[in-house]
Amino acid sequence: MSQTETLSQPPAATGTPAAPAVKRKGGGLGRYILWRFLLIFPTIFILVTMVFILMRGIGDPISAALGGRLSPDQLAERVAAAGYDRPIFVQYFEYLGQIFTGNFGNTLTDNRPVTEVLLTYGGATLELAFYTLIVAFIVGIPLGMVAGYFRDRYPDALLRIFAILCYATPVFFAGLILKLIFGVWLKVLPVSGRASVGTELKMQLLDSKTGIYIIDAFQVGTPAAIGDVLSHAVLPGVTLGLLTAGVFLRLVRTNVIGTLGREYVDSARSRGVNEFRLVRKHAYKPALIPIITVMGLQIAMLLGGAVLTETTFEWRGLGFQLAQYLGARDFVAVQGIVALLAVIVALTNFIVDIIAALIDPRVRY
């Protein structure tokens, strides 16, 4: 028997005094937020440590990147100058100290500070994530509600197949198909880049450019620039958005089926409440709760998919740069980018947990 059921039971009619009310455990929203905030630090520590171990498991970064291109003496000199000839645990603690000061080192291929790479290309990845979530919400939630309402009928069967295809199709394959259809055959959408050359030149002249092209396009102030940026975002956003939409569709469908099977919904239906109002009033909000709950996990999957999507569409964000640095075996840059993505995932999970607790108080207990 649940705690809620215990609290709602009337006192027993035996003449004995009623038991004192059970005080609910948990400490409320403030304690929950504090606890979730404190969990961020060990999570980031574990993730950063795993990234360091995996990257150094192949040897020192300089030998991995430049081995075979330099003579043994030159290679040994570069390794010693970078400090990679010291014990691994010394390098590890130095790496942790650098991260706390915001220093991720310099890339090996172009000798740029990794933080500069993160700041230059991070906006593009955030912009792609924004478009992805818009597509996921627009496609996944309405179709999930339709599938739940028409449970086990033809619309439900078709939408379930659609959801499976969205989730199971590799991102790069879906991207290539969309490029072929809309870019090559129909010629209605650009297939690569974030904007045309002319628009990029106009945005480069801005004094306060952000690196997030849709914001910069609004600062340019011409409909042509805004339309150009949005047209370049359609195919990458749809490609990655459909992957997430498939998950949302299944979650919403399951929750709508559960909600529409409740007694209070049957009671409303018996009173003559029309079906559209039933779904809108009783199933819409409960259907969003599981979406928010799993949003943190989806962010991790989204960032992983961004690597393939950005590479497919030459969308110059962190995912695209990560693929380039992996190809060049620049593991200092790879280590910095992956560590940042790990931090973003941890912080996003924290924010999502708080939003879920605000919407559904049961999450706090």
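This report walks through a predicted model of one protein chain, looking at its membrane annotation, its charges and a few single residues.

## Spans marked as transmembrane

Let's start with what a database record says. An unreviewed UniProt entry puts the label "transmembrane region" on residues 33–55, 128–150, 162–186, 233–252, 287–308 and 332–359. Keep in mind that annotations of this kind may be inferred rather than shown by experiment.

What does the model show in two of these spans? Take residues 233–252: the chain there is 100% helix and 0% strand. From one end of that span to the other, the C-alpha atoms are 26 Å apart. Residues 162–186 come out at 88% helix, again with 0% strand. For this span, the C-alpha atoms at the ends lie 23 Å apart.

## Helix H2 and a long-range link

Helix H2 covers residues 28–56, and Leu-34 sits in it. Leu-34 also belongs to a nonpolar patch on the surface, together with Trp-35, Phe-37, Leu-38 and Phe-41. The area of this patch is about 550 Å².

Now look at Arg-36. Which residue does the side chain of Arg-36 meet in a salt bridge? The partner is Asp-353, with a distance of 2.3 Å from N to O. This pair ties together distant parts of the chain, since Arg-36 is in helix H2 while Asp-353 is in helix H15 (residues 331–359), 317 residues away. The two partners fall into separate classes of accessibility: Arg-36 is partly exposed because its relative accessibility is 27%, while Asp-353, at 15%, counts as buried because the cut-off for that class is under 20%.

## A network of salt bridges

How many salt bridges does the structure hold? The total is 8. Some of them join up into a network that links Arg-151, Asp-152, Asp-156, Arg-160 and Arg-253.

Asp-152 is a handy place to begin exploring this network. One of its salt bridges is with Arg-151, where the closest N and O atoms are 3.7 Å apart. Another is with Arg-160, and here the closest N and O atoms are 3.8 Å apart. As for the surroundings, Asp-152 counts as exposed because its relative accessibility is 57%, and the cut-off for exposed is over 50%. Arg-151 reaches 48%, so it counts as partly exposed. Arg-160 is partly exposed too, with a value of 30%.

## Helix H13 and a positive patch

Next stop: a patch of positive charge on the surface, where Arg-271, Arg-277, Arg-280 and Lys-281 gather. Arg-277 is found in helix H13, which runs over residues 275–312. With a relative accessible area of 40%, Arg-277 is partly exposed.

Pro-286 is in helix H13 as well. Is Pro-286 buried or partly exposed? With a relative accessible area of 23%, Pro-286 is partly exposed. You can also pair Pro-286 with Gly-258: they are 28 residues apart in sequence, and their C-alpha atoms are 9.6 Å apart in space.

## A buried residue in helix H3

Helix H3 spans residues 61–66, and Ile-62 is found there. Ile-62 has a relative accessible area of 3%, so it is buried. Try finding Arg-78 from here: Ile-62 and Arg-78 are 16 residues apart in sequence, with 7.3 Å between their C-alpha atoms.

## Two loop residues with positive phi

Finally, check the backbone angles at two loop residues. Lys-187 has a phi near 55 degrees, which is a positive value in a residue other than glycine. Lys-187 sits in the loop between helix H8 (171–185) and helix H9 (197–204). Its relative accessible area is 63%, so Lys-187 is exposed.

Where is Glu-314 found? Glu-314 is in the loop between H13 and helix H14 (318–327). Glu-314 has a positive phi of about 50 degrees, even though it is not a glycine. With a relative accessible area of 43%, Glu-314 is partly exposed.

Methods
Residues numbered from 1 in each chain as written. Predicted model: local features only at pLDDT ≥ 70, side-chain atom pairs only at ≥ 80, totals over all residues. Heavy atoms only, no water. Helix = DSSP H or I, 4+ residues; strand = E, 2+ residues; numbered from the N terminus. Patch = residues over 30% accessible without salt bridge, like charges linked within 9 Å, V, L, I, M, F, W, Y side chains within 5 Å. Areas by Shrake-Rupley, 256 points an atom, 1.4 Å probe, with all protein chains shown as cover. Salt bridge = Lys/Arg side-chain N within 4 Å of Asp/Glu carboxyl O. Lys, Arg positive; Asp, Glu negative; His and termini not counted. Charge placed at Lys NZ, Arg CZ, Asp CG, Glu CD. Buried < 20%, exposed > 50% of the residue type's maximum accessible area, 1.4 Å probe, protein only.
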